[in-house]
Amino acid sequence: MFRIKKDDYNTVQFMPDYKSSGASKKKQKPAPAVESIGSKPQKARARRNLIIAIVIIVAICVAAWYVYSHYFTQDARYIRAFSNGNYTTAQEFADNNKDSKRFSDKIGDTVVSASDKTLSQYKNGKVNANDAISQLNQYDSASAGLFNAHIQQNIDAINAIENVYATVNQASDQAQNGQYDDSLASLQSAVQGASENGLNIDQQVTDILTKNLLGFKQTLFSEYAVKVRYASDFSSITNSISFITTYVSDNDFSDFANTVSQVQKNTLRRATAAATARQVARDARDEMTASSASSSGSAGSSQSSSAQ
């Protein structure tokens, strides 16, 4: 802009551009600070190094804890000694720490698993009863009796199984000696024991009954004749027939079960049923006699042939 002076019309004076007074009062914002080149990568590298250091420290602590807990605690030393068969050393640790629940909790799986493994080996025929029980007693001593209840349970299981087989052998001997009532009772007891202990002795029972079936027939049907004639309860008859026919197929036993049923329904006289039972007993006796004579004759012929 320009103006003409009043006192000198020939002179022109230039004026500065006009600026608003309000605008002049405004303050300019300060320029943002500029980070130095390379500061961000340095901070990232520092953070990364810190994280790596923390991870290393944690790993060292975990490793140290693992080594200590698995090698230097009382329970770790016990487990190592027990697993290596150093039962005397293991017993010393157990005696010194048997009042510690933490100790017993830590070693429990080791002792119980070893005890169960011994029982399993016995059941699978890999170790006999005496050796298995001896091993279990050793485990009991090595653990200062802390797991006596479980170990004794396994010992009782072995004794129960041994008793089942002993009863089977006893039934066989009784049948051979003509004690058929006692033999049948022993077989029934053995079967019950086998069921309670998860055993299968069906083949042994079948063999004993089959081999001595005539003797069982003679004895049992003689008793059936009396019971069906005079007894008010036929359960002993039906129970023994049911047991025997479970293991052997024989028409005399299965037919007489129907005979007893007819007596109970009053469709057959007791005397008739008793006569039927007596006849079966006589037939069995005669067959046994004939078989015995045949066996004796064969034995005599063999001896004569040998002498010649």
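1. T118 is part of helix α5, which spans residues 101–123. The model in which this residue is placed is a predicted one.

2. Is T118 buried or exposed? Its relative accessibility is 5%, and buried means under 20%, so T118 counts as buried.

3. Which residues does T118 touch, once its neighbours within four places in sequence are set aside? The contacts are V127, A132, Q135, L136 and Y139.

4. On the surface, R229, R269, R270, R278 and R282 form a positive patch. Helix α13, residues 270–307, supplies the largest share of this patch, with three residues.

5. One of the patch residues, R282, sits in helix α13. R282 has a relative accessibility of 35%. Exposed would require over 50% and buried under 20%, so R282 counts as partly exposed. T118, at 5%, is buried.

6. For the protein chain as a whole, the secondary structure consists of 13 helices and two strands. Helix α5, with T118, and helix α13, with R282, have been described above.

7. The protein chain has 308 residues, and 29% of them are buried. T118 is one of the buried residues. The accessible surface of the chain is about 20,500 Å². Carbon and sulfur atoms account for 50% of that surface.

8. How are contacts spread along the sequence of the protein chain? Of the contacts between residues at least 6 apart, 62% link residues at least 24 apart.

Key
Residues are numbered from 1 along each chain as its sequence is written. This is a predicted model: local features need pLDDT of at least 70, side-chain atom pairs count only at pLDDT 80 or more; totals for chains, interfaces and linings use all residues. Side-chain values use heavy atoms; hydrogens and water are left out. Helices (H or I, at least four residues) and strands (E, at least two) are DSSP runs, numbered from the N terminus. Buried means under 20% relative accessible area, exposed over 50%, partly exposed in between (1.4 Å probe, protein chains only). Contact means heavy atoms within 4.5 Å. Patches are made of residues with over 30% relative accessible area and no salt bridge: like charges are joined within 9 Å, nonpolar side chains (Val, Leu, Ile, Met, Phe, Trp, Tyr) within 5 Å. Accessible areas come from the Shrake-Rupley method with a 1.4 Å probe; for residues, only the protein chains shown count as cover. A salt bridge is a side-chain nitrogen of Lys or Arg within 4 Å of a carboxyl oxygen of Asp or Glu. Lys and Arg count as positive and Asp and Glu as negative; His and the chain ends are not counted. The place of a charge is taken as NZ of Lys, CZ of Arg, CG of Asp or CD of Glu.
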